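Me: I am new to this structure and would like a close look at one part of it. Please take the salt bridges, and place them in the setting of the whole chain.

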Amino acid sequence: MSNPFFDHPILNSPYECPSRHWELDDDGQPTQKISERRRSAKFITPVPKPKKRKASTAQPGFVFDEGKGLSTKEQQYDPTSIINEVRQNVATWRALSSSQWQVSPETARLLQHWRHHKFGGVRPFFCQVEAVETAIWLTEVAPQSKSGKRLLDHLASANKDANPELMRFALKLATGTGKTTVMAMLIAWQTINAVRRPGSKHFSRGFLVVAPGLTIKDRLRVLQPHDPDSYYKDRELVPSDMLDYVKDAKIVITNYHAFKLRERIELSKGGRQLLKGRTGEDLQTLETEGQMIQRVMPDLMGMKNILVLNDEAHHCYREKAGAADDEDEELKGDERKEAEKNKEAARLWISGLEAVNRKLGLARVIDLSATPFFLSGSGYVEGTLFPWTMSDFSLMDAIECGIVKLPRVPVAENIPGDEMPVYRNLWENIRKDMPKKGRGQGEELDPLKLPTRLQTALQALYGHYEKTFKLWEEKGIRVPPCFIIVCQNTAISKLVYDFISGFHRKNEDGTTTLENGRLALFRNFDETTGNPLPRPNTVLIDSEQLEAGDALDDNFRAMASDEIERFRREIIERARDARAADNLTDQELLREVMNTVGKHGQLGGSIRCVVSVSMLTEGWDANTVTHVLGIRAFGTQLLCEQVIGRALRRQSYELNEDGPDKGLFNVEYADVFGIPFDFTAKPVIAPPQPPRETVQVKAIRPERDALEICFPRVEGYRVELPEERLTASFNEDSILELSPDLVGPSITRNSGIIGEGVDLNLEHLGDMRQSSVLFEVTKRLLYTKWRDPGEEPKLHLFGQLKRITKQWLDTCLVCKGGTYPAQLMYQELADMACNRITAGITRALEGKRPIKALLDPYNPTGSTAYVRFNTSRTDRWETSSKSCHINWVVLDSDWEAEFCRVAESHPKVRAYVKNHNLGLEVPYRYGSEMRKYLPDFIVLVDDGHGDDDLLHMIVEIKGYRREDAKEKKSTMDTYWIPGVNNLKNYGRWAFAEFTEIYQIEADFKAKVESQFNKMIADIAGKIV
């Protein structure tokens, strides 16, 4: 039976506000119905076993009171209604015209850029823009309205109760939706405004970014403006003319552990007692708060108004006095240890921020998290939403927009259907048979004695992984899919690791015997020789392993020497210190392995399985994860979402270009065992999905540097038109064809539910006199093309312009399909006519008055050397090392593939490149609107002038030519090509089009080749 939720779960574009959602019942299960509106923010407080609230103390009507036991409904704080109200206010504000936004001009410019800029790579998702819009609205807009002030009062009240020394608000974004990008956008917004408005208290250029661990801290380096992979430039988050402002930002990125006060003097216990004496006071050897701040954030010393960005902020809160102690009494074993660890981390993090606030002053703390909920040990009900949360884009929202993978539970063949629920909540069925302690020094545990149900679960999910692995191999994917296992403690992680990858069993005589791994693809030992593999297929990640250094052996280091050396060079580039990589520890190397899982050619590229304790609950973002197995307790959906979140990052971000899912992402899945994640609880038998290989398109340097192609980055054109005798030269590109395709339907049938219908048409426009049309078009031409800003129109030219306009109307205007010349009264059509008339006048001046191309003052020259991006598009051409500087051509059509073949085989072609993320843009005017045209190819051709004076030929492959195609060609021929050639700095340039695509059938290849030869001959004949 078809299940539409699982067959077609993606309903919305990732770049637009969600307009539909799957309806869920009270238990969070899909009802298979689609609701035609955006999903509201809604949370139900989880009650994971009666740990904290006893029946005798529970109050009637306890819904969402943050564990405070409030007595009246009026006192109850409901953050979901606040989130929905803020969301509605932001949506209303977003819909206003830019003149009504009530923000600074710099903020308005950034908003326009994020919403409408044509990004070369993946543009910001709607959820990312909305999160930043919420911060902007709360900061710049809300204080100016009564409703906004009321919401700010709510926020202040929530902070007064929970964070009395700080002003915080949280932005909730599902895992995989790109919180790092949001942080970069927030930093850009704040910095640019702070630089332009140094006296404003709303903005800062000092930032403290706090992460929960080293993995995330290292990943966040892209927030530094000077980092080689800085998001501001690489992801085009800031307009090019504003990039210099961002460089004024002072950004300190740290992990919260750095807030712990350190010993200034290393003393042994005996030495401390000796210095203390019998009656002396304890020696104060800990650093002070001021010294800690000087150590952690020296760049921020002396700054005020600092903005804090908390990544994975669910670790940062002030525990509620007294309540946490009551909770601890109810917790036992591993759960109590986890609560203690949560408390210690939260106390250190929040205390550190409070110290910074006291010493330097914090303007605001912005929390970013997929799960901004209180943890166990906080004194609040575990899973309670932070009451200062102001926006929400949930996991369901992300799935319905296709931004993340869809978690699902496959049914493997060797698991009877009746037992399937056992493997949904695996831990509850095996916990009594699992070791309780960490890896100690006592009796060694036998990995082969794992509980039967656990072994069956491993085999079942592994069987599905094996099919996926083979499918990836068949498709030519150069990295393997990744299987992750999250364990309850270090003892279990070591047992599972040995079981699947192999281990040496100690014999009574002191020798060892190899027990190879039970899962063949995850083995770390050669099946024939028993020797360790040079590159392990499985890695174990836990704190004891990092301290012991037993994860990597010398053999692995030797085999991976090239990658290690590349990592050393990257460290040097980041630190700008030639000695920074001299002491690369095993711990750093292991973190690099983890950070590069799924990245071909790097340390972690060949890893197939990762066994972990808690490191993978956050901060690890490999996009090749296909299978997840949980072997631990999952008390709340909070922890479920954290662990499953590691598998949610998509592999491909290419939108479907046609079919019923046009404009949407393809569905990607993550298969899960052992994690009781509610909303996809229904078992689904689903075969592995063919993956999309991701490749990096880049210039091959230095091997192909001889094939580099440079080009001018043109911003506009300067044309000096004569004021004496005007003439015009019209050609086929001067023709303007009015048709229903351009102007809209010319005949419309209107009909009621009953009664006679009526045809609505444009016949009445035929009554307008030709002279009236001529006068209006000439007037428009004079006022828009022959008047400098602030000057009066040159009325003495009206007669000459009228003569040329009549010539154009008589020879170049074509009306088809019930259209009329009177439609040139439409301003956009009139401007199109004026553009073509002006181009005709300019064309007549060729050789008499030079046209100059105006270059981008910040970046005047583009080059193939700067191309570097990732793509999972399957239509691509692997270029010849003799013909193209760049390794791949991303194809938009089969015609382009044939063009690549012809270009690489043609004897006169010296180099070519596809203009994909290259940066070659041609400004042109279409009607009243300025647009940018991206030609298809640049080809360097030897047209007889020798290798030192090659012809740069811009090639466009075009089938059906609409009016905008004519404007593009006219601009190239009339403005861009002459303007660039007149600069004399970029060589000789020409433009050519393939326009007979649709007539080429069986002899297509021969036709293209002959046309290419003809094109080169024709162009060479024109260029001197």
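**Salt bridges and their setting**

Reply: Among contacts between residues at least 6 apart in sequence, 74% join residues at least 24 apart. The model is a predicted one. The protein has 1024 residues, and buried ones make up 53% of them. Its secondary structure comes to 29 helices and 34 strands. The protein exposes about 47700 Å², of which carbon and sulfur atoms supply 48%.

The salt bridges come next. Their count comes to 45. One of them pairs glutamate 165 with arginine 358, with the closest N and O atoms 3.2 Å apart. This pair links distant parts of the chain, 193 residues apart: glutamate 165 is in the loop between α5 (146–162) and β3 (168–173), and arginine 358 is in helix α13 (residues 333–359). Glutamate 165 has 36% relative accessibility and therefore counts as partly exposed. Arginine 358 is also partly exposed, because its relative accessible area is 44%; the class covers values between 20% and 50%.

A salt bridge also joins the side chains of aspartate 311 and arginine 219, at 3.9 Å from N to O. Aspartate 311 belongs to strand β6 (residues 306–311) and arginine 219 to helix α7 (residues 214–219), so the bridge ties together parts that are 92 residues apart in sequence. The two partners are in different accessibility classes: aspartate 311 is buried, with a relative accessible area of 1%, whereas arginine 219, at 26%, counts as partly exposed.

In a further salt bridge, the side chains of aspartate 229 and arginine 221 meet at 3.5 Å, N to O. Here the arginine is the buried partner: arginine 221 has 17% relative accessibility, under the 20% that sets the class. Aspartate 229, at 32%, counts as partly exposed. Elsewhere, salt bridges that share partners join Arg38, Arg94, Arg115, Glu130 and Glu133 into one network.

A polar contact can be set beside these pairs. The side chains of glutamate 967 and arginine 836 are joined by a polar contact of 3.1 Å. Glutamate 967 lies in helix α28 (residues 963–983). With a relative accessibility of 4%, glutamate 967 counts as buried. Apart from its neighbours within four places in sequence, glutamate 967 is in contact with Met832, Asn835, Arg836, Tyr924, Arg925 and Tyr926.

Helix α26 spans residues 827–844. Its 18 residues reach 26 Å from the first C-alpha to the last, close to the 26 Å expected at 1.5 Å a residue. Of those 18 residues, 16 are buried, so α26 is largely enclosed by the rest of the structure.

A second helix, α16 (residues 452–474), has 23 residues; at 1.5 Å a residue it should span 33 Å, and its end C-alpha atoms are 33 Å apart, which agrees. Among the buried residues of α16 are Leu454, Leu458, His464, Phe469 and Trp472. The buried residues of α16 pack against strands β9 (406–408), β10 (482–487), β15 (625–631) and β16 (669–673), and against helices α15 (426–430) and α17 (490–501). After α16 comes glycine 476, which has a positive phi near 80 degrees.

Another buried polar residue is found in a strand. Asparagine 516 is placed in strand β12 (residues 512–516). Its relative accessible area is 17%, and asparagine 516 is therefore buried. Leaving out neighbours within four places in sequence, asparagine 516 is in contact with Ser501, Gly502, Arg523, Phe525, Asp526 and Glu527.

The surface offers a nonpolar example. Met768, Met825 and Tyr826 make a nonpolar surface patch of about 270 Å². Methionine 768 is in the loop between β22 (758–760) and α24 (770–785). At 36% relative accessibility, methionine 768 counts as partly exposed.

To return to the request, the pair of glutamate 165 and arginine 358 links parts of the chain 193 residues apart, and the pair of aspartate 311 and arginine 219 ties together parts 92 residues apart.

Methods: Residues are numbered from 1 along each chain as its sequence is written. This is a predicted model: local features need pLDDT of at least 70, side-chain atom pairs count only at pLDDT 80 or more; totals for chains, interfaces and linings use all residues. Side-chain values use heavy atoms; hydrogens and water are left out. Helices (H or I, at least four residues) and strands (E, at least two) are DSSP runs, numbered from the N terminus. Buried means under 20% relative accessible area, exposed over 50%, partly exposed in between (1.4 Å probe, protein chains only). A polar contact is a pair of N or O atoms within 3.5 Å; within protein, one must be able to donate a hydrogen and the other to accept it, and residues adjacent in sequence count only if both atoms are side-chain atoms. Contact means heavy atoms within 4.5 Å. Patches are made of residues with over 30% relative accessible area and no salt bridge: like charges are joined within 9 Å, nonpolar side chains (Val, Leu, Ile, Met, Phe, Trp, Tyr) within 5 Å. Accessible areas come from the Shrake-Rupley method with a 1.4 Å probe; for residues, only the protein chains shown count as cover. A salt bridge is a side-chain nitrogen of Lys or Arg within 4 Å of a carboxyl oxygen of Asp or Glu. The expected span of a helix is 1.5 Å times one less than its number of residues.
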